[in-house]
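This report describes parts of one protein chain for a reader who has not seen it before. It takes up a pair of strands, two residues and a pair of helices, in that order.

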Amino acid sequence: MAIRKQDALLSLREGAEWVYRDGEIEWLDLEQTQPSDEEIDEEVIRLKSVYDAQEYARDRQSEYPSIQDQLDYIYHNSITKWKSDMIKPVKDAHPKP
């Protein structure tokens, strides 16, 4: 996922009114000051870092069985077996940094 200037603006000035056209920001909000290009660029870098740091969680989520399958497994095999047979292999494959 690419982090865009628009994402940084939403993060920096939540609720502010602006329009982004042809790569330019038209600031419409009279209540809040427009962030500088440097602030926006720094926020893009920060948001990308946050997104990248959560890659392991996104990878895990796609590999876990459905909730229904997990609950069925717990019912038939116990929570201990669920942890060792269903959860641990996914966490081992995608460790938290």
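Strand S1 (residues 18-21) and strand S2 run antiparallel and are joined by four bridges. The model is a predicted one. S1 and S2 make up a hairpin that has two residues between the strands. In the turn, Asp 22 has a positive phi of about 50°. One of the pairings across the hairpin puts Tyr 20 opposite Ile 25, its bridge partner in S2.

In a regular strand, side chains alternate between the two faces of the sheet. S2 has a covered face with Ile 25 and Trp 27, and an uncovered face with Glu 24 and Glu 26. Ile 25 thus appears twice in this account: on the covered face of S2 and as the bridge partner of Tyr 20.

After S2 (24-27) comes a loop that leads to helix H2 (37-53), and Gln 34 lies in this loop. Setting aside neighbours within four places in sequence, Gln 34 is in contact with Arg 13, Ile 25 and Trp 27. Ile 25 and Trp 27 are the residues of the covered face of S2. Between the C-alpha atoms of Gln 34 and Leu 12 there are 9.4 Å in space, while the two residues are 22 residues apart in sequence.

Helix H2 contains Glu 43. Is Glu 43 buried or exposed? With a relative accessible area of 9%, Glu 43 is buried, because the cut-off for buried is under 20%. Not counting residues up to four places away in sequence, Glu 43 touches Ala 8, Ser 11 and Leu 12.

The table sets out the accessibility of the two residues.

| Residue | Relative accessibility | Class |
|---|---|---|
| Gln 34 | 38% | partly exposed |
| Glu 43 | 9% | buried |

The last part concerns two helices. Two packed helices are described by the angle between their axes and the distance between the axes. For helix H4 (residues 67-77) and helix H5 (residues 79-93), the axes come within 7 Å and cross at roughly 135°. H4 and H5 are therefore oblique to each other. The crossing in which H4 passes H5 is right-handed.

On the H4 side, the residues that meet H5 are Asp 69, Gln 70, Tyr 73, Ile 74 and Asn 77. On the H5 side they are Ile 79, Lys 81, Trp 82, Asp 85, Met 86 and Ile 87. The residues of this contact comprise six nonpolar, two polar and three charged.

Conventions:
Residues numbered from 1 in each chain as written. Predicted model: local features only at pLDDT ≥ 70, side-chain atom pairs only at ≥ 80, totals over all residues. Heavy atoms only, no water. Axes fitted to C-alpha atoms, helices over the stretch in contact; angles between N-to-C directions. Parallel < 35°, antiparallel > 145°, perpendicular 65-115°, else oblique. Left-handed = near helix turned anticlockwise from the far one by under 90°. Contact = heavy atoms within 4.5 Å. Nonpolar A, V, L, I, M, F, W, Y, C, P; charged D, E, K, R; others polar. Buried < 20%, exposed > 50% of the residue type's maximum accessible area, 1.4 Å probe, protein only. Pairing = 2+ DSSP bridges.
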